[in-house]
Amino acid sequence: MQARRGQSSYRDRTDEFFGIVETLRRSTAPDAANNVPYGGGGGGRREDPRSAVANQSEFKKRAAVIGLAINQTSQKLSKLAQLAKRSSVFDDPTREIQELTAVIKQEISSLNSALIDLQAVRNSHNDERTISRDTTTHSATVVDDLKNRLMDTTKEFKDVLTLRTENMKIHEIRRQRFTSNPSKESTNPFVRQRPLASKPAATQPAPLPWASSSSSSSSSSQLVPRRQGEAESSPLLQQSQQQQQQQMVPLQDTYMESRAEALHNVESTIHELSNIFTQLATMVSQQGEIAIRIDQNMEDTLANVEGAQSQLARYLNSISSNRWLMIKIFFVLIAFLMVFLFFVA
Amino acid sequence: MKITALLVLKAAPETSDPVILANASDVSHFGYFQRSSVKEFVVFVGRTVASRTPPSQRQSVQHEEYKVHAYNRNGLCAVGFMDDHYPVRSAFSLLNQVIDEYQKSFGEAWRSAKEDSAQPWPYLAEALTKFQDPAEADKLLKIQRELDETKIILHKTIDSVLARGEKLDSLVEKSSDLSMASQMFYKQAKKTNSCCTIL
């Protein structure tokens, strides 16, 4: 057999190898000419080993492709691990890391599916025709090896991701510590010793641009702490004022914009309320019609029942009177008399 | 959401410090020994921010855990110390109101003030307590809140109206059944009454 993939044994089989290469060459050339579909299985014994070899080579090609892809993925993974370890507080390549992560995830999933396909192909080969025990064990070993490698790669990937999240957490803690450190220094003494110095340090880590501009202006004016002359202070302050002005206009706009936005919100809420009221009115009017129908039904019922009651009252009257009975008895008597007279007379 | 202090200052031109015209602060949540230092801190930071605010401009500065909002209108500057949750818009409308009120009550007398005035201004103190709730200061916020409540109530109303509709439907069915039954009853009664010739 050819040299096995995976654990290589150091048995010299080069002669065997050459022989089989010859057979392969002979078999694949007419294979290509005859265009035998692999896995077809029919024909004579010659086609069988040929198709078996073709199947085997197909299997080997796929396995080789998968192994190569696994190698590439693990390389990318090592790069990602390096990036994740390297990222410092201010310079972390979040976007690249995310892109790499997405790419690696995609590759792993595609490798997974390819491996499953490979296994299915091997199973179909096994079912279709008889092959030697060696080939089955060989293919099984190859598939298992590839699966193990893929599993290792996935595990490494998971480790890298956890490492990255831990790093991000550490960065967040460190960042908080850096930003709250100056405030800790200044909250303790409300002392007038270095108030100007503490204020810019406190406003520096503020995330807002205008705050930073005001801090820069305050630091620039800190350089003129009332010891120096006025002439020197004015150009600096003018520059700081300009800076401030540039940042001030956006702040005014934001204030106005926020008011405008609030007004828009109120207006849209009122619109929604009017919609709700209209719907409410529609529903109530529809239900009003239903109520009218109910009312009519009840009136009909009342009329019916009253009529029925009057009928029953008349019936009761007619039953309770005996007049008809007497008339009937009289007629019966007359009939008997007639019959009696007729027979006798 | 709370206001810690409100200040009204006269923002002098950049050469001198702003002069404090009125001051109201709520330091009840600090310990007893920190209160005076907090008051000094408030005064000082208020002065600094007011001096840095150009006229007819609004400014917000983040200082430690406080947001300091300042509004300078032609030399009269109002400064408020609020925490981070207080909405910015309400803060500025509050400062607007304070400045208007101050101008109404003191006119232009403040322009001549040269040193910090020591007398308290009662309006500022009661404003401080009243406006701890941002909805009071900002009419828009109050209106929005009321509108939301109304919307919730309306939703509940619509749900109950739907239930009423269902009940009305069942009632209509029952009443139509009843009317059918009574009609049959009447017919039967009429039938028993019509044919009189028994026997």
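## A record entry and a helix in chain A

UniProt positions are given here in the numbering used for this structure, and such annotations may be inferred rather than shown by experiment. With that in mind, the unreviewed UniProt entry lists residues 324–344 of chain A as "transmembrane region". The model you are looking at is predicted. In it, residues 324–344 of chain A are 100% helix and 0% strand, and the C-alpha atoms at the two ends of this stretch are 30 Å apart.

## The rest of chain A

Zoom out and you'll find 8 helices and 0 strands in chain A. Walk along its sequence and the pattern reads α-α-α-α-α-α-α-α.

How much of chain A is buried? Of its 345 residues, 26% are. Its accessible surface comes to about 24,000 Å², and carbon and sulfur atoms account for 57% of that. As for contacts in chain A between residues at least 6 apart in sequence, 69% of them join residues at least 24 apart.

## Helix α1 of chain B

Now hop over to chain B. Helix α1 of chain B covers residues 35–52. At 1.5 Å a residue, its 18 residues should span 26 Å, and the end C-alpha atoms are indeed 26 Å apart, so the two values agree. Quite a few residues in α1(B) are buried, including B:V38, B:F41, B:V42, B:V45 and B:V49. Here's a handy idea for reading such a list: an α-helix has 3.6 residues a turn, so residues three or four places apart point the same way.

Take B:V42, which lies in helix α1 of chain B. B:V42 counts as buried because its relative accessibility is 3%, and the cut-off for buried is under 20%. Leaving out residues up to four places away in sequence, B:V42 touches B:A5, B:L7 and B:F81. B:V42 and B:S25 are 17 residues apart in sequence, with their C-alpha atoms 8.4 Å apart in space.

## Aromatic pairs

A pair of aromatic rings is described by the distance of the centres and the angle of the planes. Searching the whole structure turns up 4 aromatic pairs over all chains. One of them is B:Y32 with B:F33, an edge-to-face pair with 5.7 Å from centre to centre and 75° between the planes. Are these two buried or exposed? B:Y32 counts as exposed at 64% relative accessibility, and B:F33 is exposed too, at 76%.

Another pair, B:F41 and B:Y66, is tilted, with centres 6.3 Å apart and 40° between the planes. This one links distant parts of the chain: B:F41 sits in helix α1 and B:Y66 in strand β4 (residues 66–73) of chain B, 25 residues apart. B:F41 is buried, with a relative accessible area of 10%, and B:Y66 is buried as well, at 8%.

## An arginine over two rings

Which rings does B:R58 lie over? One is B:Y71, with 4.5 Å to the ring centre. B:R58 also lies over the face of B:F92, at 5.9 Å from the ring centre.

## A serine with a positive phi

Most residues other than glycine have a negative phi. B:S56 goes the other way: its phi is near 50°, a positive value in a residue that isn't glycine. Where does B:S56 lie? You'll find B:S56 in the loop between α1 and β3 (57–63) of chain B. At 42% relative accessibility, B:S56 counts as partly exposed.

Technical notes
Residues are numbered from 1 along each chain as its sequence is written. Chains are lettered from A and ligands numbered from 1 in the order in which they are written. This is a predicted model: local features need pLDDT of at least 70, side-chain atom pairs count only at pLDDT 80 or more; totals for chains, interfaces and linings use all residues. Side-chain values use heavy atoms; hydrogens and water are left out. Helices (H or I, at least four residues) and strands (E, at least two) are DSSP runs, numbered from the N terminus. Rings of Phe, Tyr and Trp (its six-membered ring) pair if their centres lie within 6.5 Å; planes under 30 degrees apart count as stacked, over 60 as edge-to-face and the rest as tilted. Buried means under 20% relative accessible area, exposed over 50%, partly exposed in between (1.4 Å probe, protein chains only). A charge sits over a ring if NZ of Lys or CZ of Arg is within 6 Å of the ring centre and within 35 degrees of the ring normal. Contact means heavy atoms within 4.5 Å. Accessible areas come from the Shrake-Rupley method with a 1.4 Å probe; for residues, only the protein chains shown count as cover. The expected span of a helix is 1.5 Å times one less than its number of residues.
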